[in-house]
Amino acid sequence: MAQIYFNKALEYYKKASKEDPNNIIITQNIGICYFKTNQFKSAIVYLEKTLNSPLLIDGKTEFILGASYLNTNNKEKGCKNMIAAENKNYPGAAKIVAQYCN
């Protein structure tokens, strides 16, 4: 059921992105929607664009990007981003690092 909502949100965020293509929050949200609908490769494309944004400093991008890479069997990039999320104290990152990256 939730996947239906994320697909709908993705539709709206893509429209919003056409109106405001430089809005990093919209870009991040597109990546999150792709992640939530198990479209990990598409999530990676959008989330990579948001890395190093001064607006996104909580570790959420790195966490979801890391999880996306781990879901595509790219442990190196997955752990790199997950460790970055852990360093920003993002909830749950330390547990995933301990489980998959040691």
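**A walk through the helices**

Let's start at helix H6, which spans residues 93-100: its buried residues are Ala93, Ile96 and Val97. These three cover an arc of only 100 degrees around the axis, which puts them on the same side of H6. Look at the other side of H6 and you'll find Lys95 and Gln99, which are exposed. Keep in mind as you go that this is a predicted model.

What lies over the buried residues of H6? The cover includes helix H4 (60-71) and helix H5 (75-87). Take H5 to begin with. H5 and H6 pack with their axes 8 Å apart, at an angle of about 145 degrees, and their crossing is left-handed. On the H5 side, the contact is made by Lys75, Cys79, Met82, Ile83, Ala85 and Glu86. H6 brings Ala93, Ala94, Ile96, Val97 and Tyr100 to that contact. Sort the residues where H5 meets H6 by type and you get nine nonpolar, two charged and no polar ones.

Between H5 and H6 runs a loop, and that loop is the place of Asn89. Asn89 has a positive phi of about 60 degrees, although it is not a glycine. Is Asn89 buried or exposed? With a relative accessible area of 68%, Asn89 is exposed. You can find a similar story in the loop between H4 and H5, where Asn73 sits. Asn73 is not a glycine either, yet its phi is positive, at about 65 degrees. Asn73 is exposed too, with a relative accessible area of 72%.

Back in the loop between H5 and H6, there is also Lys88, and its partner Glu62 lies in helix H4. The side chains of Lys88 and Glu62 meet in a salt bridge, with 2.8 Å from N to O. Since one end is in the loop and the other in H4, the pair ties together parts that are 26 residues apart in sequence. The two ends have their own settings: Lys88 is partly exposed, with a relative accessible area of 34%, while Glu62 is buried, at 7%.

How many salt bridges does a search of the whole structure find? The search turns up two. Besides the pair just described, the side chains of Glu11 and Lys8 meet in a salt bridge, at 3.5 Å from N to O. Here both residues lie in one helix, H1 (residues 2-19), three residues apart, about one turn of the helix. Glu11 is partly exposed, with a relative accessible area of 38%, and Lys8 is partly exposed as well, with 40%.

Now turn to helix H4 and two of its residues. Leu65 is found in H4, and at 0% relative accessibility it counts as buried. Which residues touch Leu65, leaving aside its neighbours within four places in sequence? Leu65 is in contact with Ile44, Leu47, Glu48, Leu51 and Asn81. For a sense of scale, Leu65 and Asp20 are 45 residues apart along the chain, and their C-alpha atoms are separated by 22 Å.

Ser68 also lies in helix H4. Ser68 is buried, with a relative accessible area of 0%. Again leaving aside neighbours within four places in sequence, Ser68 is in contact with Phe35, Phe40, Ala43, Ile44 and Leu47.

One of those contacts, Phe35, brings us to helix H2, because Phe35 also belongs to the set of H2 residues that meet H4. The H2 side of this meeting is made up of Gln28, Ile32 and Phe35. Facing them in H4 are Lys60, Thr61, Ile64, Ala67, Ser68 and Asn71. The axes of H2 and H4 come within 11 Å and cross at roughly 35 degrees, and H2 passes H4 in a left-handed crossing. The residues of the contact of H2 with H4 divide into four nonpolar, four polar and one charged.

To finish, step off the end of H2. The loop between helix H2 (24-36) and helix H3 (40-50) is where Asn38 is found. Asn38 is exposed, with a relative accessible area of 51%. Asn38 and Ile25 are 13 residues apart in sequence, and in space they are 20 Å apart, C-alpha to C-alpha.

Methods:
Residues are numbered from 1 along each chain as its sequence is written. This is a predicted model: local features need pLDDT of at least 70, side-chain atom pairs count only at pLDDT 80 or more; totals for chains, interfaces and linings use all residues. Side-chain values use heavy atoms; hydrogens and water are left out. Buried means under 20% relative accessible area, exposed over 50%, partly exposed in between (1.4 Å probe, protein chains only). Helices (H or I, at least four residues) and strands (E, at least two) are DSSP runs, numbered from the N terminus. The arc is that of the directions from the helix axis to the C-beta atoms. Contact means heavy atoms within 4.5 Å. Axes are lines fitted to C-alpha atoms, for helices over the stretch in contact, and angles run from 0 to 180 degrees between N-to-C directions. A crossing is left-handed if the near helix is turned anticlockwise from the far one by less than a right angle, and right-handed if clockwise. Ala, Val, Leu, Ile, Met, Phe, Trp, Tyr, Cys and Pro count as nonpolar, Asp, Glu, Lys and Arg as charged, and the others, Gly among them, as polar. A salt bridge is a side-chain nitrogen of Lys or Arg within 4 Å of a carboxyl oxygen of Asp or Glu.
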